[in-house]
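Subject: A structure for you to look through

Hi there,

Here is the structure I promised to pass on to you. Please open it next to this message, and then read on for what turned up in it.

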Amino acid sequence: MPATPRPTVLRRLAHRLGRPAPPRALPPGPPPEDGPDTQRAALLAVLDAAVAEQARSDRAIAACGEPGPVPAELAQLLTRQSVRYARFAGWLRVLPADGELAGARDLAIRLVSYHQWMLHQSANLAFAAHRRPGSEAARRSINGLGAPADRLQRLRDGLRANDAA
């Protein structure tokens, strides 16, 4: 079971979201008391970063469904975005969350994991070694992240509105 991050780790995490290093594990011991404000701020920091990446991911996924050959450099973009969403999901999994924040965090994990899955599956369809009529039709139907992206943004906006109130 992973150690619960301390408030200072959560603050550092909020400032380091753009960097590749994941949050550090803490030495064993009793978990510190995390207040709801610290938990909400950490959750919002990850959601802000995840929502900020949605437009780039949506465009990359939609490009997989365009007619004609798929540009080779798109594979690198899909991979980078998939790794970013894997990090977001990892960060969300280690964030402590009590009460209503636990439900919001769990929903965020599912939505961020969906984004990662869509990026991965779009790459699989776009760069398949052997094209079959069924998989080509599936590739051509790809058009972006869709409703889960809107839901992630609404979740973030709802938490932010509760934060301001």
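Let's start at Trp117, which counts as partly exposed because its relative accessibility is 48%. This is a predicted model, so please keep that in mind as you read. Trp117 has an aromatic partner, Tyr114, and the pair is tilted, with 6.1 Å from centre to centre and 35° between the planes. Tyr114 is partly exposed too, with a relative accessible area of 25%. Both residues belong to helix H5, and because they are 3 residues apart there, about one helical turn separates them. There is a handy rule behind this: an α-helix has 3.6 residues a turn, so residues three or four places apart point the same way.

How many aromatic pairs does a search of the whole structure find? There are 3. One of them joins Tyr85 and Phe88, whose ring centres are 5.4 Å apart; their planes stand at 85°, so this pair is edge-to-face. Tyr85 and Phe88 are both in helix H4, again 3 residues apart, or about one turn of the helix. Are these two buried or exposed? Tyr85 is buried, at 0% relative accessibility, and Phe88 is buried as well, with a relative accessible area of 4%. Ring pairs also bring in Trp91, so that Tyr85, Phe88 and Trp91 form a cluster.

Now for the whole chain. It has 7 helices and 0 strands, so from the N terminus on you will read α-α-α-α-α-α-α. Of its 165 residues, 38% count as buried. The accessible surface comes to about 9200 Å², and carbon and sulfur atoms hold 55% of that. If you look at contacts with a separation of 6 or more, 81% of them are between residues 24 or more positions apart.

Next, the inside. The largest nonpolar core has 39 residues, and those with the most contacts inside it are Leu43, Leu78, Phe88, Leu92, Val112 and Leu159. At least two residues of this core come from each of helix H2 (36–52), helix H3 (54–64), helix H4 (73–94), helix H5 (100–126) and helix H7 (147–164). Which helix gives the most? That is H5, with 12 residues. Val112 is a good place to zoom in: leaving out residues up to four places away in sequence, it touches Ala50, Tyr85, Phe88, Ala89, Leu92 and Leu152. You have already met two of those, Tyr85 and Phe88, as an edge-to-face pair.

Polar residues can be found inside too. Gln81, in helix H4, counts as buried because its relative accessibility is 0%. The side chains of Gln81 and Arg84 are joined by a polar contact of 2.4 Å. Not counting residues up to four places away in sequence, Gln81 touches Glu53, Arg56, Ser57 and Leu119.

A second glutamine to click on is Gln54, which sits in helix H3. Gln54 is buried, with a relative accessible area of 6%. Its side chain reaches the backbone oxygen of Ala149 at 3.3 Å. Setting aside neighbours within four places in sequence, the contacts of Gln54 are Tyr85, His115, Leu145, Ala149, Leu152 and Gln153.

Gln54 also helps to show how H3 is placed. The buried residues in H3 are Gln54, Ser57, Ala60, Ile61 and Cys64. Why are they on the same side of H3? They cover an arc of only 130° around the axis, and that puts them on one side together. What do the buried residues of H3 pack against? Their partners are H2, H4, H5, H6 and H7.

One last stop is Ala128, in the loop between H5 and helix H6 (133–140). Ala128 is partly exposed, with a relative accessible area of 27%. In sequence, Ala128 and Arg139 are 11 residues apart, while in space their C-alpha atoms are 9.9 Å apart.

If you would like a route through the structure, try Trp117 and Tyr114 in H5, then Tyr85 and Phe88 in H4, and finish with Gln54 in H3.

Happy exploring, and write back with any questions!

Best wishes

Key. Residues numbered from 1 in each chain as written. Predicted model: local features only at pLDDT ≥ 70, side-chain atom pairs only at ≥ 80, totals over all residues. Heavy atoms only, no water. Helix = DSSP H or I, 4+ residues; strand = E, 2+ residues; numbered from the N terminus. Buried < 20%, exposed > 50% of the residue type's maximum accessible area, 1.4 Å probe, protein only. Contact = heavy atoms within 4.5 Å. Areas by Shrake-Rupley, 256 points an atom, 1.4 Å probe, with all protein chains shown as cover. Core = buried A, V, L, I, M, F, W, Y, C linked by side-chain atoms within 4.5 Å. Polar contact = N/O pair within 3.5 Å; in protein donor to acceptor, adjacent residues only side chain to side chain. Phe/Tyr/Trp six-rings, centres within 6.5 Å; stacked < 30°, edge-to-face > 60°. Arc of directions from axis to C-beta.
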